[in-house]
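Subject: Structure handover

Hello,

Here is the structure I said I would pass on. Please open it and keep it in view while you read the notes that follow.

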Amino acid sequence: MAIVEVKVPQLSESVAEATLLQWKKKAGDMVAIDEILIEIETDKVVLEVPAPSAGVLAEILQADGATVAADQVIAKIDSEGKGAAAAPAAAATAAAPAPAAPAPAAAATGGSKSDIAMPAAAKLMADNNLAAGSVAGTGKDGRVTKGDVLGAVAGGASKPSVAPVAAPAAPARAALPQVNSSVATPDLGERPEQRVPMSRLRARVAERLLQSQSTNAILTTFNEVNMAPVMEMRKRFQEKFEKEHGVKIGFMSFFVKAAVHALKKYPVLNASVDGTDIVYHGYFDIGIAVGSPRGLVVPILRNADQMSFADIEKKIAEYGAKARDGKLGIEEMTGGTFSISNGGVFGSMLSTPIINPPQSAILGVHATKDRAVVENGQIVIRPMNYLAMSYDHRIIDGREAVLGLVAMKEALEDPARLLFDI
């Protein structure tokens, strides 16, 4: 017997522990080299652990939900095994009487990469009782993505049948949200509750938000911007832009460009606090807040001042896809000198965003709506967006904050300013 150890991969310097999610194989199963055995969740990203060797998964040392550290051994593979370890279990299964109804298969279980669902997709399959293999994967190496599952659900993918169980009639009660948890849910009759531990990412976000509010002197300034010039420019060039670059022009590239434009004029907005020092950054790394199935993540557009509109749009689309599939890397979310949060995609009218430490300012973007405004003494209808910029009043005075937001407003209302840097 030749035993190969399965270890936790290296974590980033700021991450000491991680949590095992769900094993995709059980002891005695055959595995192929590089087949994903389990995902590991840190407070920043989800890491996949591939099989270092082909063979039989001889032993699982750490169960689902266990807390582990880098280089810790979590399983062992018999590289010379031929499936003999699974034979007794298979024989016992064959001798046992058949169950009354088939149990739903685990969404992410499979013997090849094409059977494996990404973390978000696996959860969605479990929520919709979709059996393994019922959804065709279009991701890398044929893996099932969240979009594949949504398409299958919309198309009416078959769900495993479950034998009906006779039960006494009971009053209708509210359904609990479908979440993956190892914690049992007690039956509380007509007033159900469910206690679920925070994910590592959610706990880390909570920690950083509390840290931000307790260490920064946060103040928010507001302004409104007429989005008609941006919308007209998008409409005018959308077809040619998409044909040339393979991506559509979104609003976010304009907001990023306008933010960089203002940060160049007022560098303190791009600075950070280190003890009693102010650190002025000579580069512009813009964080873009993105919602994901695991929670809020903020991937970074590095050197955004050197990126074209097409570069920005492509990178944002890439980050959005990675966030949905849980594939963002630690290096893609580390650093940042200024952030933008777009609550407008969810319909938000106004908000006061919280600074992402150690940054000192953040721009909140909201929904663009037709509103009545006064121009030259006349009431007219314009597509208006309310901008909110929260800043650390310890180093940023109201003058710089207000003028910085005005610079963003002027750049958006006259996009030609971005070409001439005025």
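The largest cavity lies between two domains, because domain 1 (3-78) and domain 2 (202-419) both give residues to its lining. Please keep in mind that this is a predicted model. A search of the whole structure finds 1 cavity of 30 Å³ or more, and the space in the largest cavity comes to about 70 Å³. Its lining is made up of 11 residues. Those that lie nearest the centre are R294, V297, A323, G326 and L328. Sorted by class, the lining of this cavity has 6 nonpolar, 2 polar and 3 charged residues.

The second largest pocket also has residues of two domains around it. Where does the second largest pocket lie with respect to domain 1 and domain 2? Domain 1 (3-78) and domain 2 (202-419) both contribute to its lining, so the pocket lies between them. Its volume is about 820 Å³. The lining counts 41 residues, and R208, V297, V298, N356 and P357 lie nearest the centre of the pocket. V297 is thus named for the centre of the largest cavity and for that of the second largest pocket.

Which elements supply at least two residues each to the lining of this pocket? They are helix α4 (200-215) and the strands β14 (295-297), β16 (338-342) and β17 (361-365). The largest share, 5 residues, comes from α4. By class, the lining of the second largest pocket has 18 nonpolar, 17 polar and 6 charged residues.

P357, one of the residues nearest the centre of that pocket, is also worth a look for its backbone. The peptide bond from P357 to P358 is cis, with omega near 5°. To find the place in the viewer, go to the loop between β16 and β17, where P358 is found.

Two other loops hold a residue with a positive phi. N303 has a phi of about 55° although it is not a glycine. You will find N303 in the loop between β15 (300-301) and α7 (309-325). With a relative accessibility of 32%, N303 counts as partly exposed, because that class lies between the 20% limit for buried and the 50% limit for exposed. N376 likewise is not a glycine and has a positive phi of about 55°. The loop that holds N376 runs between β18 (369-375) and β19. The relative accessible area of N376 is 82%, so N376 is exposed.

Is D392 buried or exposed? D392 has 0% relative accessibility, so it counts as buried. D392 belongs to strand β19 (residues 378-392). Leaving aside its neighbours within four places in sequence, D392 is in contact with N216, A217, V273, I355 and S360.

Next come two sheets. One is an open sheet in which 4 strands follow the order β1-β8-β6-β3, with antiparallel pairing. Its edge strands, β1 (3-7) and β3 (30-31), each pair on one side only. Inside this sheet, β6 (residues 55-60) and β8 (residues 73-78) are antiparallel and are paired over 4 bridges. If you want a point to check, I60 stands opposite A75 in β8.

The other is an open sheet of 4 strands in the order β5-β4-β2-β7, and its pairing is antiparallel. Here the edge strands are β5 (46-50) and β7 (67-68), each of which pairs on one side only. Strand β2 (residues 18-20) runs antiparallel to β7, and 2 bridges join them. T19 has T67 in β7 as its bridge partner.

Last, some totals for the protein chain. How many helices and strands does the protein chain have? There are 9 helices and 19 strands. Of the 422 residues in the chain, 41% are buried. Among contacts between residues at least 6 apart in sequence, 62% join residues at least 24 apart.

Regards

Methods:
Residues numbered from 1 in each chain as written. Predicted model: local features only at pLDDT ≥ 70, side-chain atom pairs only at ≥ 80, totals over all residues. Heavy atoms only, no water. Pairing = 2+ DSSP bridges. 1 Å grid on protein atoms, 1.4 Å probe; cavity = no way out; pocket = protein on both sides within 12 Å on 5 of 7 lines; lining within 4 Å. Points joined across faces, edges and corners; volume = space filled by probe spheres on them. Nonpolar A, V, L, I, M, F, W, Y, C, P; charged D, E, K, R; others polar. Domains from an automatic or database assignment. Buried < 20%, exposed > 50% of the residue type's maximum accessible area, 1.4 Å probe, protein only. Contact = heavy atoms within 4.5 Å.
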